[in-house]
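Let us walk through this model step by step. Keep in mind that it is a predicted one.

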Amino acid sequence: MFDFLFTKKSNDVIEEKRKIKDINDFTPIFNHLYTELGINDLYKRPILYERLGSIARRYEVESAEEFIEMFKNSYSFYEEVIDAVTVNETYFFREIDSLEWLVEWISNENRDVKILSIPSSNGAEIYSILIMLDILNSQLLHKVKCVGIDVNNESIKKAKKGIYSEIELHKLDERLKEKYFEKIENGYEIKSFLRSNTEFIDDNIFALSSDKYGSFDIVLSRNLFIYFDDLHRKKATETLLKMLKPGGYLVMGVTDRLYEISNLKKVSSFIYQKQKGVDSGKL
């Protein structure tokens, strides 16, 4: 009987929502994201129209031009858009042949080793490497420094926390869970001794430089290049090559197609070595 008390408020809310127009043409937005991220299949993912439209409505963005300006100038908006468009599918010990090669190589080196994982997603790749090193010889953990970089801020937060659900670890042997994870209320937390030499950073591959992060002995960039066209594949290859020390190794995924550069020598199916004595700036 008191419905009349709320009628005006409800109508006001409805009227306010009507003022926020839906974006009809996402083409300029996808073109801008392609330029920034190199992902060229956005228009093929129908779910993105609703995801990005929802973000736009929440921020009261009514046009593609406003959307792009918000993306440039609002970090919270930028984060939400990045989280919406990037796909982070990974799991522990993924494509294990490459990881076995890497662990064996580290074990034969008589020096410290610096590793970059990009995209690092939820950290499973880095933690897989560290678990395998510990299984082989616990002293090897002291030789490595692992840096994970991903453009998806939520993935970086998850990697830093090192907390995984039962489903995410369902393929792991129970003995591995007991040794390397602490059972907590909402899942499993990677043990602290595996996190001591790790760093996870939110950044874009096309913004990387050795001046920013130093150079690496190993760069893992597995299953990233499948999202790039030839132009961005070339830019990404050049960037990663510059992040490698002379003689360092670039480890790719089984689905990746690397842009061919003479500075890189193929040493196995998906592993390439940067040639020593070659200026990485001349590609």
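Start with a sheet of 7 strands. This sheet is open, and its strands follow the order 6-2-1-7-8-10-9. Their pairing is mixed. Now look at the two ends of that order. Strand 6 (198–202) and strand 9 (264–268) are the edge strands. Each has a single partner strand, so one side of each is left without a neighbour in the sheet. The sheet also twists. From one strand to the next, the twist averages 20 degrees.

Next, pick out one pair of strands. Strand 8 covers residues 244–252, and strand 10 covers residues 271–274. The two pair in the antiparallel sense, over 3 bridges. Find Leu250 here: opposite this residue, in strand 10, stands Tyr272.

Helices pack on this sheet too. Which strands does helix 7 touch? Helix 7, residues 124–136, touches strand 1 (113–117), strand 2 (144–150), strand 6 and strand 7 (216–221). The direction of helix 7 makes about 165 degrees with that of strand 2. Helix 8 is made of residues 153–161. It lies across strand 2 and strand 6. Relative to strand 6, helix 8 runs at about 165 degrees.

Now turn to how one helix meets another. Two packed helices are described by an angle and a distance, both taken between their axes. Helix 6 spans residues 96–107 and packs with helix 7. The angle is about 50 degrees, and the axes are 10 Å apart. An angle between 35 and 65 degrees counts as oblique. Helix 6 and helix 7 are therefore oblique to each other. Their crossing is right-handed.

Which residues make this contact? Helix 6 brings Ile96, Leu99, Glu100, Leu102, Val103, Ile106 and Ser107. Helix 7 brings Ser128, Ile129, Met132, Leu133 and Leu136. Sorted by class, the contact has 9 nonpolar, 2 polar and 1 charged residues.

Finally, there is a sheet of 3 strands. This sheet is open as well, with the order 3-5-4 and antiparallel pairing. Strand 3 (163–164) and strand 4 (181–184) are its edge strands, and each pairs on one side only. Strand 5 takes in residues 187–190. How many bridges join strand 3 to strand 5? There are 2 bridges, and the two strands run antiparallel. Look for Tyr164 to see one of the partners: its bridge partner in strand 5 is Tyr188.

How values were computed. Residues are numbered from 1 along each chain as its sequence is written. This is a predicted model: local features need pLDDT of at least 70, side-chain atom pairs count only at pLDDT 80 or more; totals for chains, interfaces and linings use all residues. Side-chain values use heavy atoms; hydrogens and water are left out. Two strands pair if DSSP finds at least two bridges between them. Helices (H or I, at least four residues) and strands (E, at least two) are DSSP runs, numbered from the N terminus. Axes are lines fitted to C-alpha atoms, for helices over the stretch in contact, and angles run from 0 to 180 degrees between N-to-C directions. Contact means heavy atoms within 4.5 Å. Angles under 35 degrees count as roughly parallel, over 145 as roughly antiparallel, 65 to 115 as roughly perpendicular and the rest as oblique. A crossing is left-handed if the near helix is turned anticlockwise from the far one by less than a right angle, and right-handed if clockwise. Ala, Val, Leu, Ile, Met, Phe, Trp, Tyr, Cys and Pro count as nonpolar, Asp, Glu, Lys and Arg as charged, and the others, Gly among them, as polar.
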